[in-house]
Amino acid sequence: ATELGAILPATHKNGVTNPHRIFFFVNPSSGGNVAGSVTRLNLNAVGFGKQNLVVHVHNLKDTRDRIAGFALLRAYASQKNHRCRAVCCGGDGTVKWIMDELEPRNLLEQIPIGVVPFGTGNDMARVLGWGGFAPSKLIGNELQHLKKHAETVATGAVPAMLDVWNVEFVPAKDDPTAPQFE
């Protein structure tokens with residue numbers, strides 16, 4: 001199971017609050033290539049000081065950027081009292097892709113996942129309350145819409161537990177009525 005949403009703020013010993021780090025992992029071909037508008041910003045990280053928020057944007061289809069993004073997420077998540085979140089910008093397949101990237105890094109149960117629904121069906125986004133359609137405005141002037149979405153993920157999201165399963169179908173060899181797979 002993995003936890004989706006946000007957790008309580010954490011404070012360093014010196015009283016300075018850790019920033020919320022929101023990692024947008026984008027499948028640029030999702031939503032008829034509309035999700036690519038986020039990756040074309042060429043943002044590695046942008047900070048919004050008043051909100052104590054740092055947004056990281058990584059292109060899932062760029063191998064180097066994807067590996068660097070998950071390595072950075074893992075580094076920040078290893079810190080005590082981290083406030084990291086992952087946001088999947090894509091459809092249901094992209095959500096699964098994010099989970100598949102988090103699992104071998106031992107982050108699946110540590111990092112809440114939000115969704116910006118850029119897919120076709122967006123079943124996961126609908127069930128979790130993120131909606132079924134891509135936002136009409138995700139970036140905005142001076143990144144205002146991106147900031148607002150990141151703020152929602154950081155402070156307005158509610159945790160939810162999900163079970164993540166793998167199912168394997170094995171046909172019965174001695175049963176002539178069982179479907180045969182090749």
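In the predicted model, residues 24 or more positions apart account for 72% of the contacts in the chain with a separation of 6 or more. The chain has 182 residues, of which 44% count as buried. It holds 5 helices and 7 strands. From the N terminus on, these elements follow the order β-β-α-β-β-α-β-α-β-α-α-β.

One helix pair was examined in detail. Helix α2 spans residues 63-77, and helix α3 spans residues 92-102. Their axes come within 11 Å. The crossing angle is roughly 60°. This angle is neither under 35 degrees nor within 65 to 115 degrees, so α2 and α3 count as oblique to each other. The crossing of α2 past α3 is right-handed. On the α2 side, the contact is made by Arg66, Phe70 and Leu73. On the α3 side, Trp97, Ile98, Glu101 and Leu102 take part. By class, the residues of this contact comprise 5 nonpolar and 2 charged, with no polar residue.

Asparagine 59 was considered next. This residue lies in strand β4, which covers residues 53-59. Its relative accessible area is 18%. The limit for a buried residue is under 20%, so asparagine 59 counts as buried. The side chain of asparagine 59 reaches the backbone nitrogen of lysine 61, at 2.8 Å. Residues up to four places away in sequence aside, asparagine 59 touches Val26, Pro28, Thr39, Asp65 and Arg66. Among these neighbours is Arg66, a residue of α2 that also takes part in the contact with α3. Arg66 thus appears both in the surroundings of asparagine 59 and in the helix contact.

Proline 159 offers a further site. It is placed in the loop between α5 and β7. Helix α5 covers residues 144-156, and strand β7 covers residues 160-162. The relative accessibility of proline 159 is 43%. Buried residues fall under 20% and exposed residues over 50%, so proline 159 counts as partly exposed. Leucine 128 is 31 residues from proline 159 along the chain. The C-alpha atoms of proline 159 and leucine 128 are separated by 10.0 Å.

Conventions: Residues are numbered from 1 along each chain as its sequence is written. This is a predicted model: local features need pLDDT of at least 70, side-chain atom pairs count only at pLDDT 80 or more; totals for chains, interfaces and linings use all residues. Side-chain values use heavy atoms; hydrogens and water are left out. Axes are lines fitted to C-alpha atoms, for helices over the stretch in contact, and angles run from 0 to 180 degrees between N-to-C directions. Helices (H or I, at least four residues) and strands (E, at least two) are DSSP runs, numbered from the N terminus. Angles under 35 degrees count as roughly parallel, over 145 as roughly antiparallel, 65 to 115 as roughly perpendicular and the rest as oblique. A crossing is left-handed if the near helix is turned anticlockwise from the far one by less than a right angle, and right-handed if clockwise. Contact means heavy atoms within 4.5 Å. Ala, Val, Leu, Ile, Met, Phe, Trp, Tyr, Cys and Pro count as nonpolar, Asp, Glu, Lys and Arg as charged, and the others, Gly among them, as polar. Buried means under 20% relative accessible area, exposed over 50%, partly exposed in between (1.4 Å probe, protein chains only). A polar contact is a pair of N or O atoms within 3.5 Å; within protein, one must be able to donate a hydrogen and the other to accept it, and residues adjacent in sequence count only if both atoms are side-chain atoms.
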